[in-house]
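I opened this entry to record what I looked up in the model, starting with pockets and ending with sheets and ring pairs.

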Amino acid sequence: MYCFDKILKIIAVVIVFNLASQPARSQDSINSIHLTSQCEEQVAQYNLNTYEITGDADIEVTQRGSIQHSISQVVFEAYHWGLIFRANGQEILHCASPFVYEDFILVEQDIDYSLFQLDEFNTVRFYIHSKVNCGSNCYYSRVDTVAIPYNKDFPPIGYVELKSKNYEYPSRFFRAYLNEDERHLLDNVNR
């Protein structure tokens, strides 16, 4: 019995020491970052004020060309999390939902235009393919787009690109946009 008590004390000391040596995670204000349209709604609805970066996103990501970017996982509070997309010195926060499972991201460079097509500029686009749970045995695909311009005069934006009909997963329109290797990656995401 004495030996067991001693082992428990040693374990408790090790746990306390490990917790004390962990660096404190900083929380950032939501007001200091651009938000996707869907994220703006969630922030207002649930009165979210801060987020914490928890590491790199654990999602299958493929890119076309050599594009410098990063995708980080964030958490606001229980049941609220999201992704931060960074490129070209800008960043934008995309909120997730408990009923939406982001499973595949395609990154590519594209050309965008300003209002009335006066300015042309390069943009990094992130296409986020997700499986949406709409109830018992109900699901569909959704593709969100996050665009970060190279021109810092234009802010990054994020919006829902398309939603498929019920029971269509993966999205056939998104899948048709992918090349053969990218389709193979998407098809093997949930296996």
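For sorting lining residues by class, I counted Ala, Val, Leu, Ile, Met, Phe, Trp, Tyr, Cys and Pro as nonpolar, Asp, Glu, Lys and Arg as charged, and the others, Gly among them, as polar. I kept in mind throughout that this is a predicted model.

Entry 1, second largest pocket.
I looked up the volume of the second largest pocket and noted about 160 Å³. The lining consists of Gln38, Glu41, Gln42, Tyr46, His80, Ser97, Pro98, Val100, Val132, Tyr140 and Arg142. Helix H2 (37-46) and strand E10 (138-149) are the elements that give two or more residues to this lining. I then asked which element has the largest share of the lining. It is H2, with four residues. Sorted by class, the lining of the second largest pocket has five nonpolar, four polar and two charged residues.

Entry 2, largest pocket.
For the largest pocket I noted a volume of about 210 Å³. I listed its lining as Asp58, Ile59, Glu60, Gln73, Trp81, Leu83, Val100, Tyr101, Glu102, Asp103 and Val189. Val100 is in this list and also in the lining of the second largest pocket. At least two lining residues each come from strand E6 (80-87) and strand E8 (100-113). E8 gives the most, with four residues. The class split for the largest pocket is six nonpolar, one polar and four charged residues.

Entry 3, the sheet that contains E8.
I followed E8 from the pocket into its sheet. Five strands form this open sheet, in the order E4-E8-E9-E10-E11, with mixed pairing. Strand E4 (60-63) and strand E11 (157-163) each have a single partner strand and stand at the edges, so one side of each is left without a neighbour in the sheet. With direction ignored, neighbouring strands of this sheet are turned by 25 degrees against each other on average.
I checked the pairing of E8 with strand E9 (residues 120-135) and found it antiparallel, over 13 bridges. Which residue in E9 is the bridge partner of Gln109? I found Val124 there.
Helix H4 (residues 180-187) lies across E4, E8 and E9. I noted that H4 runs at about 155 degrees to E8.

Entry 4, the sheet that contains E6.
E6, the other strand I had noted at the largest pocket, belongs to an open sheet of six strands in the order E1-E3-E5-E6-E7-E2. The pairing here is mixed. I noted strand E1 (28-29) and strand E2 (34-35) as the edge strands, each pairing on one side only. E1 and strand E3 (residues 50-56) run antiparallel and are joined by two bridges. Ser29 stands opposite Thr50 in E3.
I returned to H2, noted above for the second largest pocket. H2 lies across E2, E6 and strand E7 (90-95), and runs at about 60 degrees to E7.

Entry 5, aromatic pairs.
How many aromatic pairs does the structure hold? I noted five. One of them is Phe104 with Phe174, an edge-to-face pair at 6.1 Å centre to centre and 75 degrees between the planes. Phe104 is in strand E8 and Phe174 in helix H3 (residues 172-177), so I looked up their separation in the chain: the two are 70 residues apart, and the pair links distant parts of the chain.

Terms used:
Residues numbered from 1 in each chain as written. Predicted model: local features only at pLDDT ≥ 70, side-chain atom pairs only at ≥ 80, totals over all residues. Heavy atoms only, no water. 1 Å grid on protein atoms, 1.4 Å probe; cavity = no way out; pocket = protein on both sides within 12 Å on 5 of 7 lines; lining within 4 Å. Points joined across faces, edges and corners; volume = space filled by probe spheres on them. Pairing = 2+ DSSP bridges. Axes fitted to C-alpha atoms, helices over the stretch in contact; angles between N-to-C directions. Contact = heavy atoms within 4.5 Å. Phe/Tyr/Trp six-rings, centres within 6.5 Å; stacked < 30°, edge-to-face > 60°.
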